[in-house]
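The report below works through a single protein chain, moving from local pairings of charged side chains to the helices and the core. Please read it alongside the sequence and the coordinates.

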Amino acid sequence: MIDPSEAARRTLEHRRDHAERDLEELTLQVAEGEIDVETAARLEDSYREEIRRAEEELAALGSPAAAPERSR
């Protein structure tokens, strides 16, 4: 069973990673003319804010607990 704090960490990491992928995709969409510059700027701000919030919440969780050593 996954520890609740580990589940929260995974969720936050997923949110952050998803927003980072969206930023990369946005760059391609602008380069290909799929999205206008104004819309891209708004989306970029939104994605960067999502990354910032996820990283802030991850920092508040602290570093992941080390796995206990197994005795032999």
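## Charged pairs along the second helix

Glu44 and Arg48 both belong to helix α2, where they sit 4 residues apart, about one turn of the helix. The model is a predicted one, and in it Glu44 forms a salt bridge with Arg48, their closest N and O atoms being 2.9 Å apart. An α-helix has 3.6 residues a turn, so residues three or four places apart point the same way. Glu44 counts as partly exposed because its relative accessible area is 30%, a value that falls between the limits of 20% and 50%. Arg48, at 47% relative accessibility, is likewise partly exposed.

A second pair in α2 is formed by Arg52 and Glu49, which are 3 residues apart, again about one turn of the helix. The closest N and O atoms of the salt bridge between Arg52 and Glu49 are 2.6 Å apart. Arg52 is partly exposed, with a relative accessible area of 39%, and Glu49 is partly exposed as well, with 31%.

Side chains of opposite charge can pair when their charged atoms come close. The structure holds 8 salt bridges, and three of the pairs are set out here with their closest N and O distances.

| Pair | Closest N and O atoms |
|---|---|
| Arg16 and Asp17 | 3.1 Å |
| Glu44 and Arg48 | 2.9 Å |
| Arg52 and Glu49 | 2.6 Å |

Of the residues in the table, Asp17 is partly exposed, since its relative accessibility is 28%. Beyond these pairs, Arg15, Glu50, Arg53 and Glu57 are linked in a network of salt bridges. Glu50, a member of that network, is also listed among the buried residues of α2.

## The two helices and their ends

The protein chain has 2 helices and 0 strands. The helix α1 covers residues 4–31 and α2 covers residues 37–61. With 28 residues, α1 reaches 41 Å from its first C-alpha to its last, which is close to the 40 Å expected at 1.5 Å a residue. For α2, the 25 residues should span 36 Å at 1.5 Å a residue, and the C-alpha atoms at its ends are indeed 36 Å apart, so the expected and computed spans agree.

Each helix has a cap at its N-terminal end, provided by Asp3 for α1 and by Asp36 for α2. Asp3 lies in the segment before α1, and a side-chain oxygen of Asp3 is 2.7 Å from the backbone nitrogen of Ser5. Asp3 is partly exposed, because its relative accessible area is 43%. In the cap of α2, a side-chain oxygen of Asp36 lies 3.1 Å from the backbone nitrogen of Glu38.

Glycines follow the helices at their other ends. Just after α1, Gly33 takes a positive phi of about 75 degrees, while Gly62, just after α2, takes a positive phi of about 85 degrees.

## Packing and the nonpolar core

Which residues of α1 are buried? They are Arg9, Leu12, Ala19, Leu23, Leu26 and Gln29, and the buried residues of α1 pack against α2. In α2, the buried residues are Ala40, Tyr47, Glu50, Ile51, Ala54 and Leu58, and what covers them includes α1.

In soluble globular proteins, nonpolar side chains tend to be buried together. Here the largest nonpolar core has 7 residues, namely Ala19, Leu23, Leu26, Ile35, Ala40, Tyr47 and Ile51. Both α1 and α2 supply at least two residues of this core. Leaving aside residues up to four places away in sequence, Ile51 touches Arg16, Ala19, Glu20 and Leu23. Among these contacts of Ile51, Arg16 is also the residue that forms a salt bridge with Asp17.

## The chain as a whole

Of the 72 residues of the protein chain, 18% count as buried. Its accessible surface comes to about 5900 Å², and 50% of that surface belongs to carbon and sulfur atoms. Among contacts between residues at least 6 apart in sequence, 72% join residues at least 24 apart.

Definitions and conventions
Residues numbered from 1 in each chain as written. Predicted model: local features only at pLDDT ≥ 70, side-chain atom pairs only at ≥ 80, totals over all residues. Heavy atoms only, no water. Core = buried A, V, L, I, M, F, W, Y, C linked by side-chain atoms within 4.5 Å. Buried < 20%, exposed > 50% of the residue type's maximum accessible area, 1.4 Å probe, protein only. Contact = heavy atoms within 4.5 Å. Expected span 1.5 Å × (residues − 1). Polar contact = N/O pair within 3.5 Å; in protein donor to acceptor, adjacent residues only side chain to side chain. Salt bridge = Lys/Arg side-chain N within 4 Å of Asp/Glu carboxyl O. Areas by Shrake-Rupley, 256 points an atom, 1.4 Å probe, with all protein chains shown as cover.
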